[in-house]
Amino acid sequence: MTTDPIETVGVGMLGYSFMGKAHANAFRTVGYMMWPPPVQPELVVVAGRDESAVAEAARRYGFKAHTTDWHDVVTDPRVDIFDNCGPNFMHAEPTIAAAEAGKHVICEKPLGRDADESFETWRRVEATGVKHLCAFNYRFVPAIRLARELIESGELGEIRHYRARYLQDWITEPDFPMVWRLDREQAGSGALGDLGSHIIDLGHYLVGDIASVTGLTRTFIDDRPGGTVDVDDAFEATVAFEGGAVGTLEATRFARGRKNALSLELNGSNGSVAFDLERPNELQVSVPSLPTSVDGFRTVSVTESEHPFMANWWPPGHVIGWEHTFVHEIHHLLKAIAEDGDVEPHGATFRDGYRAAEVCDAIARSSEADQSVDIRYRSLEVRV
C-alpha cells in the first residue's frame, strides 16, 4: 500500500442545477470510491447567473468559491478542468475559451445548438491539445459497456438491427410554461438534441457511423404561457449505418407515464442484447454462450465484480444507479489526464458530440424536405 500523496486537479464549473449537481457529486465521489483516483479533484469555483443561488450551490456542493461571471472560472489559475453544465446556448463560447486558456474541458450534450456550432467547438478545442469529453454519460452504464464488449467479442455476429427510443413526459400539459429548452435560439432543437442525441451517440458507439436518415419531427403544442415554441416535441427516424445495419430512433417529451425511459435493442446474426434504463442493472442477452431453457433472452444482472466498473462498488446483487454513470465518466477523463491517454473510444470526445449533432440536423432536414438525407461528416484538416 502506498502512502504517496495523490496529485490534485482543480475543477471549475459553469452551471449548478440539475447537471451541475450530478457532476459535482461525481467529482466528490470518484475521489474515494474509485480509490486511488488517477488524480484527486478539488472543487475550486462554480459559476451561475443568480448570485444567491450559485452561492448556495457552492456551499452545498463544496466549492471553495462562486462567481456570476464564467470568465472568472476560465482565468482562474487554480482551475485545471472546466466543466460546462450550462444551458445549450452557453456551451460553445465558454468551453472554447477555457480550452484556449489551457484547461481540460467537459461539456454537457448537445455539444452545440447545431452541427455548425458543434463542429466549430470541436475544431477550436482540438487545436489546443487539451483533453475534451462530451458528456454522453450512458456510455458508462455497466450494462451498456457489457453490450459493447459482447459486440466486440463477436458474440452477436454481424449487427443487423439497432432500435432505440428515449421517452419522457414532462411537457405534456398545455399550461406548462415556456422555458429555454423550448426556444430554438437557446436550445437549438427540442427532443431531437436533448434526448435524441443520446440514442444517436449510443448507435455510433455500439454499431458505427450512421450513413443516412429518414426523419419526421412534430411540435404538438406551439403556444405556451410566456412564449411560442419553435423546437420539436418529438421525432421518429429510420437510419442506415455505414456497416450495413439498419435502425429506428424515437424520442419524445410527450409520452405520458414515461419519466426517463431510454431503451435499445441490437440484433446480430448470432445473438441479441436489449437494455432498458428503467432497469439499469440488467442486460437482456441471447447468445450461444449463455444458453436459456427456452429460445429467448436471459437476464444478466450486471453487478458481478468482473463486470464493467463494478469492482469499485458493492458486492454482487447490490445495484447502482443513474448518478454513478457520471462517476465512471469523470474517472475516465481523470485517468486520460493523469496518463496523457486517449478519451476515445469509450469516452465521447467533441468529435463524437459533433457527429451526433450532424445526425440531428440531418433528421430535421429530412423531415422538412420529406426525403431521405445522406450524412456527410466533416473532418479536421490539421490535428495536433
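The largest pocket has a lining of 37 residues, and those nearest its centre are Ser 17, Met 19, Cys 85, Trp 180 and Arg 181. The structure is a predicted model. Two topics are covered below: the largest pocket, and an open sheet of nine strands with a helix lying across part of that sheet.

**Largest pocket**

- The space in the largest pocket comes to about 860 Å³.
- By residue class, the lining of the largest pocket holds 17 nonpolar, eleven polar and nine charged residues.
- At least two lining residues come from each of helix H1 (18-33) and helix H8 (191-206).
- Which helix gives the most to this lining? H8 does, with three residues.

**Nine-stranded sheet**

- The strands of the open sheet follow the order S16-S15-S14-S13-S7-S12-S11-S8-S17, and their pairing is mixed.
- Its edges are formed by strand S16 (298-301) and strand S17 (373-374), each of which pairs on one side only.
- Edge strand S16 runs antiparallel to strand S15 (residues 282-286), and four bridges join the two.
- Within this pairing, Leu 283 has Val 300 in S16 as its bridge partner.

**Helix across the sheet**

- Helix H6 (residues 142-153) lies across five strands of the sheet: strand S7 (159-167), strand S13 (261-268), strand S14 (272-276), S15 and S16.
- The angle at which H6 runs to S15 is about 25°.
- S15, which H6 lies across, is also the strand joined to S16 by four bridges.

How values were computed:
Residues are numbered from 1 along each chain as its sequence is written. This is a predicted model: local features need pLDDT of at least 70, side-chain atom pairs count only at pLDDT 80 or more; totals for chains, interfaces and linings use all residues. Side-chain values use heavy atoms; hydrogens and water are left out. On a 1 Å grid over the protein atoms alone, a cavity is a set of points where a 1.4 Å probe fits but cannot get out, and a pocket is an open set with protein on both sides within 12 Å along at least five of seven lines; lining residues have an atom within 4 Å of a point. Grid points are joined across faces, edges and corners, and a volume is the space filled by probe spheres set on the points. Ala, Val, Leu, Ile, Met, Phe, Trp, Tyr, Cys and Pro count as nonpolar, Asp, Glu, Lys and Arg as charged, and the others, Gly among them, as polar. Two strands pair if DSSP finds at least two bridges between them. Contact means heavy atoms within 4.5 Å. Axes are lines fitted to C-alpha atoms, for helices over the stretch in contact, and angles run from 0 to 180 degrees between N-to-C directions.
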